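Visitor: Please show me how to read a protein model, one feature at a time. I would like to begin with a single residue and work outwards.

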Amino acid sequence: GRFDRHIYISPPDFEGRMDIFKILMNRMPFSKEITPETYAHLTEGFSGAEITSLCQNAAIKALERNISNLEVISAF
């Protein structure tokens, strides 16, 4: 259907971003040095969708790097 109203939802504040990172990082392996607080500071102005995309892309890059390392190891 058509939208006849526009509702603006502001980006999450620091606490909101930190909560989003906590939820997303709970399902992914991360270095102990990386905390939700660190990323919450770095992502001011990000939407929840952008934070989710950031985490998903980081996971894909880490997987690609690990697969490349496995290929090198299995060649020996």
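Visitor: Where is Thr 43 found?

Guide: Thr 43 is found in the loop between α2 and α3. Names such as α2 refer to DSSP runs, numbered from the N terminus: helices (H or I, at least four residues) and strands (E, at least two). Please keep in mind that this is a predicted model, where local features need pLDDT of at least 70, side-chain atom pairs count only at pLDDT 80 or more, and totals for chains, interfaces and linings use all residues. Residues are numbered from 1 along each chain as its sequence is written, and side-chain values use heavy atoms, leaving out hydrogens and water.

Visitor: How many helices and strands does the secondary structure come to?

Guide: The protein has three helices and zero strands. Along the sequence the pattern reads α-α-α.

Visitor: Is Thr 43 buried or exposed?

Guide: The general idea is a scale: buried means under 20% relative accessible area, exposed over 50%, and partly exposed in between (1.4 Å probe, protein chains only). Thr 43 has a relative accessible area of 3%, so Thr 43 is buried. Another residue of the loop between α2 and α3 is Ser 47, which is partly exposed because its relative accessible area is 25%. Of the 76 residues of the protein, 16% count as buried.

Visitor: Which residues does Thr 43 touch?

Guide: Touching means a contact, that is, heavy atoms within 4.5 Å. Not counting residues up to four places away in sequence, Thr 43 touches Arg 17, Phe 21, Ile 51 and Leu 54. Let us follow one of these partners, Phe 21. Phe 21 lies in helix α1 and counts as buried because its relative accessibility is 1%. By the same way of counting, Phe 21 touches Pro 36, Tyr 39, Ala 40, Thr 43, Ile 51, Leu 54 and Cys 55.

Visitor: How many residues apart in sequence are Phe 21 and Pro 36?

Guide: Phe 21 and Pro 36 are 15 residues apart in sequence, with their C-alpha atoms 5.3 Å apart in space. Another pair to find is Ser 47 and Ser 10, which are 37 residues apart in sequence and 7.9 Å apart, C-alpha to C-alpha. Among contacts between residues at least 6 apart in sequence, 56% join residues at least 24 apart.

Visitor: Now for charges. Which side chains meet in a salt bridge?

Guide: Side chains of opposite charge can pair when their charged atoms come close. A salt bridge is a side-chain nitrogen of Lys or Arg within 4 Å of a carboxyl oxygen of Asp or Glu. By this rule the count comes to one salt bridge, where the side chains of Lys 61 and Glu 64 meet at 3.9 Å, N to O. Both residues belong to helix α3 (residues 48-74), and because they are three residues apart there, about one helical turn separates them. Lys 61 is exposed, with a relative accessible area of 53%, while Glu 64 is partly exposed at 42%.

Visitor: What is the nearest side chain of opposite charge to Arg 17?

Guide: That is Glu 44, 5.1 Å away; Arg 17 is buried yet has no salt bridge. Here Lys and Arg count as positive and Asp and Glu as negative; His and the chain ends are not counted. Arg 17 is found in helix α1 (residues 14-26). Its contacts, leaving out residues up to four places away in sequence, are Pro 12, Ala 40, Thr 43, Glu 44, Gly 45, Phe 46 and Ile 51. That list brings us back to Thr 43, where we began.
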